[in-house]
Amino acid sequence: MTFRSLFVLVLLAGCSGGSNGSDDTDDTTSADTDVADTDAFDTDVADTDLADTDAADTDVAPNDVDGDGVTDAADNCGATWNPTQADADSDGKGDACDVCPNASNPGTQGCPVTVYDVKSGVASVGDAVRLSDVLVTAVAPQGFFVQVKPGDLDYLGDNFSGLYVVPSAFYGAGATVGSRVSFDGVVDDQSGAVGVGDLTSFVTTAVGPEALPLPITVTAAEVQTGGTRAVPLEGVLVKLSGVAQVTAVDSVGLGFTATDTTGAVEVGALLYSYAPPVFGLTYADLGGVLALRAGVSTILPRDGTDLILSGP
Ligand SMILES: [Ca+2]
Ligand SMILES: [Ca+2]
Ligand SMILES: [Ca+2]
């Protein structure tokens, strides 16, 4: 018998003993089983099971959910495997999970964005964002509109230049028309229009009041619900180019339908309680902030200068 054959025989004998061979009645005692299972030759199932439930295997997971070797409490991306913990902007959010890895935004501070980013979809609903030095164009009972105006460093045109901001319980109250403000908040879907809400900071950077951007001249057809400019100019100051007539009056509130030669658009009183509209009245000037209200593209006059009756 060669040495190799002898080795195999010994191995087989070991397995037989570990699997409760009938020739070994002592195997049912705990002492005997323990010895067999820790035998160097023993590769049976029982031994593997013991290894899987031993302390070394289960100690790692509870406080390092992503298994990157950094405990949850110290991990700068607790749910993302990033053993190097690289954090280029040193804001405490690791590069692997930092939405803006090169723009410091510690804590609840949002990533720096422009109004255009929010309105054109560069930033997504749910993103924490920071808007800086934007101009307040109108103040509503429960929020305010901001807009980028020609001459601003980040001005990129009329489209997607305005949005509505909903303050939180602690931040955003007290915005005034013509002031510049900076704030952190979350991109939200405001009944179909994209804006910013849930503010986590708010500061007035310049009281002003600064001159507001001139209204964009539009037709009713362009800004009515589904019109070609209704979405791009949502949140932007607009003004109808021609005379508009009251062709329908809402049964509740002061809302009405204004019709020019191109189409009909809804007008609402969110920002200004004007005199009740009368069917057939005509306005030489009709303007305000264009806003999607309950799914309806609506012009919101800000004051008397946005609603000027025509002729006698
Ligand atoms: Ca970890
Ligand atoms: Ca991690
Ligand atoms: Ca970072």
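## The loop around D72

D72 is found in the loop that runs between α4 (55-59) and β1 (111-112). The structure described here is a predicted model. With 12 C-beta neighbours inside 10 Å, D72 counts as exposed, because the limit for that class is 12 or fewer.

Leaving aside its neighbours within four places in sequence, D72 is in contact with N63, D64, V65 and G78. P62 lies ten residues from D72 in sequence, and the C-alpha atoms of P62 and D72 are 8.9 Å apart.

## Overall make-up of the chain

The chain contains six helices and 14 strands. Of its 312 residues, 31% count as buried. Among contacts between residues at least 6 apart in sequence, 51% join residues at least 24 apart.

## The largest nonpolar core

The largest nonpolar core has 55 residues, and V118, V146 and V238 touch the most other members. Strand β2 (residues 128-140) gives the most to this core, contributing seven residues. Domain 2 (111-206) and domain 3 (216-309) both give residues to the core, so the core lies between these two domains.

Which residues surround V118, leaving aside its neighbours within four places in sequence? V118 is in contact with V113, A123, V129, L163, V187, V194 and V196. Of these contacts, V129 falls in the range of β2 (residues 128-140), while V194 and V196 fall in that of β6 (193-206).

## Strand pairing from β10 to β13

Strand β10 (residues 256-259) and strand β11 (residues 264-267) run antiparallel and are joined by four bridges. The two strands form a hairpin with four residues between them. Within this pairing, A258 of β10 stands opposite V265 in β11.

β11 also pairs with β13, and here the strands run parallel, with two bridges joining them. V267 has I299 as its bridge partner in β13. β11 is thus bridged to β10 in antiparallel fashion and to β13 in parallel fashion. As a general point, the side chains in a regular strand alternate between the two faces of the sheet.

## Backbone features in three loops

What kind of peptide bond joins G208 and P209? The bond is cis, with omega at about 0 degrees. P209 lies in the loop between β6 (193-206) and β7 (216-218).

Two residues other than glycine have a positive phi. S191 has a phi near 55 degrees, and A294 has a phi of about 50 degrees. S191 is placed in the loop between β5 (180-190) and β6, whereas A294 belongs to the loop between β12 (282-293) and β13 (296-300).

Are S191 and A294 buried or exposed? S191 has 11 other C-beta atoms within 10 Å and is therefore exposed. A294 is exposed as well, with 9 other C-beta atoms within 10 Å. Both counts fall under the limit of 12 or fewer that defines an exposed residue.

How values were computed:
Residues numbered from 1 in each chain as written. Chains lettered and ligands numbered in written order. Predicted model: local features only at pLDDT ≥ 70, side-chain atom pairs only at ≥ 80, totals over all residues. Core = buried A, V, L, I, M, F, W, Y, C linked by C-beta atoms within 7 Å. Buried ≥ 20, exposed ≤ 12 C-beta atoms within 10 Å, placed from the backbone. Domains from an automatic or database assignment. Contact = placed C-beta atoms within 7 Å. Pairing = 2+ DSSP bridges.
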